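These entries record what I looked up in the structure, taking the chains, their contact and a few residues in turn.

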Amino acid sequence: MQVLYGRHHVRVFRFGLRLVRDEQIAEDLISEVFLDVWRQAGKFEGRSAVSTWLLAITRFKALSALRRRKDLELEDEAANAIEDSSDNPEVAVTKKDTSEALRKCLTALSQEHREIVDLVYYHEKSVEEVAEIVGIPENTVKTRLFYARKKIAELLRAAGVERGWP
Amino acid sequence: MMALSKKMFEQEPNEIETLLPWHAAGTLNARDARRVEEALARDPDLARQYGVIREEYAETIALNESLGAPSVRAMQKLFAAIDAEPAREARPSVSLSARISGFFASLSPRTLAWSASLGAVALVLQAAVIGAVLLENQSATYQTASLSTNEPITRALGAAQSPPRALVRFAPDARVSDITALLDSYQASILDGAKGGMFRLQFGNKTMTKDDIAHLMSRLQSEKIVSLAVATP
């Protein structure tokens, strides 16, 4: 278990943290996820990579935690907080720091868009694996990421950043 | 301008467009990757969009990497919870997945920690033994039969007493189906569970010469899903 934990805990933590946006909750999530793995190892059928299985459990637990805390409103609050911040995307652009503005936009995405962007870009999951983790059809995975990217472009444009797409 | 922009926003994506992020991440299959490459070569707009995607890809990684790592508290909490779990009986395993399950179910965290450490030590020792055997093999041409100090190794250079065995560590993302296919192709069977993340495998039922074993290990090591393969007695 220590080998498994050592290999995957940081990515599980980061995926959870991006979903719940609270370090304390994300740390609690890790313990819950790996404890579940310990208890349910017999249910792992080996049809997918262990990391895919772990991320699916993490997602389920993160969403449960969010529901428990009735924290979904946090989405808007977080987005507003970012927009109201003194170091918002506009400011970043005036500093010619498109990269910083882009990161802020990635943070301001909805939970649905955040998770799909992270799974594809950071966790390097294939279309099939994302479909398995999120529990949606493969075509929906593709179009959801497309619209997540459009949302990023929209947020960047609102911040005065034009990148030539769309 | 606004109308045009709005129209573009409302446009449905084509299939190649939707695959671009996976192409940037390198997770497309060979066929789709080729299709995307061809489309990028002939469509400058698509290539521009791909440039934007690569920026998003890089920033997403940078953002996630900036999130740091969990504290030790999370690990302590987990292993305290596992220690508090009722003890389980190890079940006789049939399939590989059952063996992996057994790996989780039958060992306590501390046992596993020790197994991992012992596995690492065993690995170093085995590497040393292999090195010694290979060196001996090279010098075997010049050996005399009367050199008594080398007798045990000289015998080992001939036909081994049992089929070849190895400790194998599979790549972290290796799928069980891939592992099963590899076992089939090498006519290998698992002798022992994943101690320290390594499996003890036996190859076929026939003995092999040291050269054949070295060749086998080399082939095995070059497999994509194998991160380490070390011959063992």
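**Entry 1: terms and source.** For the pattern of chain B I needed the convention that helices (H or I, at least four residues) and strands (E, at least two) are DSSP runs, numbered from the N terminus. I also noted that the model is predicted.

**Entry 2: chain B.** I read the order of elements along the sequence of chain B as α-α-α-α-α-α-α-α-β-α-β-β-α-β. The tally is ten helices and four strands. I then looked up burial and found that 22% of the 233 residues of chain B are buried. Of the contacts in chain B between residues at least 6 apart in sequence, 66% join residues at least 24 apart.

**Entry 3: chain A.** Here I recorded nine helices and zero strands, in the pattern α-α-α-α-α-α-α-α-α. Chain A has 166 residues, and 45% of them are buried. Among its contacts with a separation of 6 or more, 61% are between residues 24 or more positions apart.

**Entry 4: where the chains meet.** How many residues does each chain bring to the contact? I noted 47 residues from chain A and 46 residues from chain B. On the chain A side, at least two residues each come from α1 (2–20), α2 (23–40), α6 (98–108), α7 (111–122) and α9 (138–158). The largest share of that side belongs to α1(A), with nine residues. By type, I entered 25 nonpolar, ten polar and twelve charged residues for the side of chain A that touches chain B.

**Entry 5: helix α4 of chain B.** I compared the length of this helix with expectation. Helix α4 of chain B covers residues 44–65, and its 22 residues should span 32 Å at 1.5 Å a residue; the end C-alpha atoms are 32 Å apart, so the two agree. Next I listed the buried residues of α4(B): B:Q49, B:V52, B:I53, B:E56, B:Y57, B:E59, B:T60, B:L63 and B:N64. With that list in view I noted the general rule that an α-helix has 3.6 residues a turn, so residues three or four places apart point the same way. What covers the buried residues of α4(B)? The cover includes α1, α6, α7 and α9 of chain A, together with α2 (15–25) of chain B.

**Entry 6: A:L35.** I located A:L35 in helix α2 of chain A. Is A:L35 buried or partly exposed? I entered A:L35 as partly exposed because it has 18 C-beta neighbours inside 10 Å, where a buried residue needs 20 or more. Leaving aside residues up to four places away in sequence, A:L35 touches B:L78, B:A81 and B:I82. I also looked up A:M1, which is 34 residues from A:L35 along the chain; their C-alpha atoms are separated by 9.6 Å.

**Entry 7: positive phi.** As background I noted that most residues other than glycine have a negative phi. A:R21, which is not a glycine, has a positive phi of about 60°. I placed A:R21 in the loop between α1 and α2 of chain A. With 19 C-beta neighbours inside 10 Å, A:R21 counts as partly exposed. A:E124, also a residue other than glycine, has a positive phi near 50°. I found A:E124 in the loop between α7 and α8 (127–134) of chain A. A:E124 is entered as partly exposed, because 16 other C-beta atoms lie within 10 Å.

Notes:
Residues are numbered from 1 along each chain as its sequence is written. Chains are lettered from A and ligands numbered from 1 in the order in which they are written. This is a predicted model: local features need pLDDT of at least 70, side-chain atom pairs count only at pLDDT 80 or more; totals for chains, interfaces and linings use all residues. A residue is buried if 20 or more other C-beta atoms lie within 10 Å of its own, exposed if 12 or fewer, and partly exposed in between; C-beta atoms are placed from the backbone. Two residues are in contact if their C-beta atoms, placed from the backbone, lie within 7 Å. Ala, Val, Leu, Ile, Met, Phe, Trp, Tyr, Cys and Pro count as nonpolar, Asp, Glu, Lys and Arg as charged, and the others, Gly among them, as polar. The expected span of a helix is 1.5 Å times one less than its number of residues.
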